[in-house]
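Open the model in your viewer and keep the sequence panel beside it, since each stop on this tour begins with something to select.

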Amino acid sequence: MEGQELPCVLIDSIGGESGVYEDHIEFLEKHFHLITMKEYVENKQSLSKKIRAIYVWYHKPVINEELLQSLPNLKIVASAGVGIDHLDLNLLSSYGVKVSNTPFAVSTDTADFAMALMLASSRRLVEGYQMAVCPDTEYFPAGWLGAEVSGATLGIVGMGTIGYKVAQRAKAFEMTILYHNRNRRNKDEESAVGAIYCKKIDDLLQQSDFVLLSVILTPQTHKLIGKRELELMKPTATLINISRGLVVDQDALVEALRNDVIKAAALDVTYPEPLPRDHPLLKLKNVIITPHIGSATRKTRRVMMENMTESIQAGLAGLPVPNEVLL
């Protein structure tokens with residue numbers, strides 16, 4: 001774009017807790033003139049008409065009607081990751097603003113991480129590590145046992161791109177694979193991984209040794225798993241959540257784990273994130289919690305950034321937007 005003025009793109013910040021990665025800036029600045037929220041707030045009058053896109057990283061900047069009203073030439077919002085529950089799609093659509101995300105960039109690493117959570121929980125990896133390094137440990141008890149993954153039954157709730165890649169991995173563990181999804185996969189896709197469709201989620205919950213949540217957060221999936229659903233699960237079952245914290249009723253989950261309604265939980269997502277330091281989930285030994293790192297590898301985050309760049313460029317050029325999120 002030599003000789004042409006680069007399009008202005010609003011970002012939250014650079015570096016720090018939730019800013020755009022510093023090692024991504026060089027690439028982004030080859031394509032865009034980046035404006036941080038601080039710069040925008042301080043120079044709103046001169047910048048408001050120049051900004052044509054917003055680059056949302058770690059759910060920031062927060063997009064509300066006040067911001068949209070101040071950006072008359074905004075064309076597209078590119079958001080990192082799969083979930084778009086932090087965006088008001090109806091509001092953005094009412095302003096004629098397109099939205100994109102990065103579902104395919106994150107799918108492989110997130111599927112890998114789902115398997116890691118399953119294995120870590122079933123084989124009590126965190127507890128084992130703590131025992132091995134504890135200064136008071138004098139021997140390793142022979143009766144300290146975990147549960148098998150190979151040959152177990154995995155129930156996948158949400159058989160999208162990530163859910164399907166988990167199924168591909170689970171097949172290698174010779175697992176029986178059940179799934180529940182809004183739309184049934186075609187026969188070839190099912191047979192490729194040996195997946196069995198459960199029209200009713202209740203059937204899946206009752207049969208599964210591991211229940212994996214891989215859905216997007218919508219009004220329909222908000223607290224999809226509550227007291228009733230947990231009580232349908234086997235007392236030997238493990239709940240794995242890689243979607244969004246609000247897909248699970250956390251109060252009900254605490255009670256289910258305390259009272260042996262289910263055996264364990266492995267959570268990469270909670271609500272809020274992080275949990276308050278006195279939250280009961282943090283005190284239970286049969287829970288593994290990780291800091292929402294399903295897609296957190298250097299390569300994937302780089303691909304996410306490149307995907308977002310391509311989406312913004314297409315949106316500004318009036319071309320079909322890769323990974324456009326439609327209402």
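Begin with the largest nonpolar core of this predicted model, a set of 49 residues in which Tyr-55, Leu-154, Ile-156, Val-166 and Ile-312 have the most contacts. Colour helix α6, residues 103–122, as you look, for this helix gives the most to the core, with nine residues. A second, separate core is made of 29 residues, and to find it you can select Leu-178, Ala-265, Leu-281 and Leu-284, which are included in it.

Return now to the largest core and select Tyr-55, one of the residues with the most contacts inside it. Which residues does Tyr-55 touch, if those up to four places away in sequence are not counted? Its partners include Val-9, Leu-10 and Ile-11, as well as Val-20, Leu-28, Lys-60, Pro-61 and Ala-78, and also Met-305, Met-308 and Ile-312.

Those last three partners lead to the next selection, helix α13, which runs over residues 298–317. At 1.5 Å a residue, the 20 residues of this helix should span 28 Å, and because its end C-alpha atoms are 29 Å apart, the model agrees with that expectation. Among the buried residues of α13 are Met-304, Met-305, Met-308 and Ile-312, together with Thr-300, Arg-301 and Asn-307. If you then show what covers these buried residues, you will find, among other elements, the strands β1 (8–11), β3 (51–56), β4 (76–79) and β5 (98–100), along with the helices α1 (22–28) and α6. Step just past α13 to Gly-318, where the backbone takes a positive phi of about 75°.

Helix α6 also takes part in the next stop, the second largest pocket, whose volume is about 200 Å³. To centre the view, select Arg-124, Glu-127, Lys-285, Asn-286 and Val-287, which lie nearest the pocket's centre among the 14 residues that line it. At least two lining residues come from each of α6, α7 (125–133) and β12 (287–289), and the largest share, four residues, is that of α7. By character, the lining of this pocket divides into seven nonpolar, three polar and four charged residues.

Finish at Glu-229, which is found in helix α11, residues 227–232. Is this glutamate buried or exposed? Glu-229 counts as buried because its relative accessibility is 13%, where the cut-off for buried is under 20%. Leaving aside neighbours within four places in sequence, show Leu-205 and Leu-224 beside Glu-229, since these are the residues with which Glu-229 is in contact.

Note on methods:
Residues numbered from 1 in each chain as written. Predicted model: local features only at pLDDT ≥ 70, side-chain atom pairs only at ≥ 80, totals over all residues. Heavy atoms only, no water. Core = buried A, V, L, I, M, F, W, Y, C linked by side-chain atoms within 4.5 Å. Buried < 20%, exposed > 50% of the residue type's maximum accessible area, 1.4 Å probe, protein only. Contact = heavy atoms within 4.5 Å. 1 Å grid on protein atoms, 1.4 Å probe; cavity = no way out; pocket = protein on both sides within 12 Å on 5 of 7 lines; lining within 4 Å. Points joined across faces, edges and corners; volume = space filled by probe spheres on them. Nonpolar A, V, L, I, M, F, W, Y, C, P; charged D, E, K, R; others polar. Expected span 1.5 Å × (residues − 1).
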